[in-house]
Amino acid sequence: MLLFAPIAGAVSNAGNIKKADPYKAPENSTTNNNLFAELSTKAELYNTNFDKVPGVLQRLVASEEIAGKIKLENGEMLYVTLLMGGGKIRDFYSYATPNDPNSKFGPSITVETDEKTVKKVLDSEEPLKEAVKSMNDGSLKVETEGIFRNMMLSTLKAFYK
């Protein structure tokens, strides 16, 4: 997110995302790959329309490592990481374990949610407002490291109630 979910749904059009080795879903599992594919598309749209992304969100995610933990409707987990640079998504990938095997320092922002909440945010006409609503009702949990990130998250929540 990252706000992982809000970033994925913040804007819409297309762009260029570098991906790490793709996650290999368990046999007979299409939900992981379908949701990851949808999020990948939204990540590309985010970068393409970066000029439309609210400044407070750009500053919150500036050069962060954002870990997403999404409980899928079929009970499986989808683990993803967004590597940000200058507020844009430099890399977006998924992996099979709760801890990112590619991470050097660990995430500075962690987002935990479920598939239903992600889809609700992505399908919303105002995804950032929907994400803040989900944060307030507890269905989208965002943890940030440090005072600055906490202040930026609070500002984002205040602007998009």
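**Exercise 1. The largest pocket**

Task: In this predicted model, find which strands each supply at least two residues of the lining of the largest pocket, and describe that lining.

Solution.
- Step 1. Strand E2 (77-85) and strand E3 (88-95) each supply at least two lining residues.
- Step 2. Ask which gives the most. E3 does, with three residues.
- Step 3. Take the full lining. It has 17 residues, and Glu 65, Leu 83, Arg 90, Asn 102 and Lys 104 lie nearest the centre of the pocket.
- Step 4. Sort the lining by type. Five residues are nonpolar, five are polar and seven are charged.
- Step 5. Add the volume. About 300 Å³ of space lies in this largest pocket.

**Exercise 2. The nonpolar cores**

Task: State how many residues the largest nonpolar core has, and which of them have the most contacts inside it.

Solution.
- Step 1. The largest core has 34 residues.
- Step 2. Leu 39, Leu 78 and Phe 92 have the most contacts inside this core.
- Step 3. Look at where the core comes from. Helix H2 (residues 31-48) provides the largest share, five residues.
- Step 4. Look for a further core. A second, separate one has five residues, including Ala 67, Tyr 79, Leu 83 and Tyr 95.
- Step 5. Link back to the pocket. Leu 83, a member of the second core, is also one of the residues nearest the centre of the largest pocket.

**Exercise 3. Aromatic pairs**

Task: Count the aromatic pairs in the structure. Then classify Phe 36 with Phe 92 as stacked or edge-to-face or tilted.

Solution.
- Step 1. The structure holds four aromatic pairs.
- Step 2. The ring centres of Phe 36 and Phe 92 are 5.0 Å apart, and the planes stand at 20 degrees. Stacked requires planes under 30 degrees apart, so this pair is stacked.
- Step 3. Place the partners in the chain. Phe 36 sits in helix H2 and Phe 92 in strand E3, 56 residues apart, and the pair links distant parts of the chain.
- Step 4. Check burial against the cut-off of under 20%. Phe 36 has 13% relative accessibility, so it counts as buried. Phe 92 has 0%, so it counts as buried too.
- Step 5. Now take Tyr 93 and Tyr 95. Their ring centres are 6.0 Å apart with planes at 55 degrees, so the pair is tilted. Both residues are buried.
- Step 6. Extend the network. Ring pairs link Tyr 79, Tyr 93 and Tyr 95 into a cluster.

**Exercise 4. Strand E5 and its partner**

Task: Decide which side chains of strand E5 (residues 141-144) are buried, and how many bridges join E5 to strand E4.

Solution.
- Step 1. Start from the general pattern: side chains in a regular strand alternate between the two faces of the sheet.
- Step 2. Apply it. Val 142 and Thr 144 point to one face and are buried. Lys 141 and Glu 143 point to the other and are not buried.
- Step 3. Find the neighbour. E4 (residues 109-114) runs antiparallel to E5, and four bridges join the two.
- Step 4. Pick one bridge. Thr 110 has Glu 143 in E5 as its bridge partner.

**Exercise 5. Helices H4 and H5**

Task: Is Lys 120 buried, exposed or partly exposed, and which residues of helix H5 are buried?

Solution.
- Step 1. Lys 120 lies in helix H4 (residues 115-123).
- Step 2. Its relative accessibility is 42%, so Lys 120 counts as partly exposed.
- Step 3. In H5 (residues 127-137), the buried residues are Pro 127, Leu 128, Glu 130, Ala 131, Val 132, Ser 134 and Met 135.
- Step 4. Relate the two helices. The C-alpha atoms of Lys 120 and Ser 134 are separated by 9.2 Å, with their positions 14 residues apart along the chain.
- Step 5. Follow the chain onward. Just after H5, Gly 138 takes a positive phi of about 90 degrees.

Definitions and conventions:
Residues are numbered from 1 along each chain as its sequence is written. This is a predicted model: local features need pLDDT of at least 70, side-chain atom pairs count only at pLDDT 80 or more; totals for chains, interfaces and linings use all residues. Side-chain values use heavy atoms; hydrogens and water are left out. Buried means under 20% relative accessible area, exposed over 50%, partly exposed in between (1.4 Å probe, protein chains only). A nonpolar core is a set of buried Ala, Val, Leu, Ile, Met, Phe, Trp, Tyr and Cys residues joined through side-chain atoms within 4.5 Å. On a 1 Å grid over the protein atoms alone, a cavity is a set of points where a 1.4 Å probe fits but cannot get out, and a pocket is an open set with protein on both sides within 12 Å along at least five of seven lines; lining residues have an atom within 4 Å of a point. Grid points are joined across faces, edges and corners, and a volume is the space filled by probe spheres set on the points. Ala, Val, Leu, Ile, Met, Phe, Trp, Tyr, Cys and Pro count as nonpolar, Asp, Glu, Lys and Arg as charged, and the others, Gly among them, as polar. Rings of Phe, Tyr and Trp (its six-membered ring) pair if their centres lie within 6.5 Å; planes under 30 degrees apart count as stacked, over 60 as edge-to-face and the rest as tilted. Two strands pair if DSSP finds at least two bridges between them.
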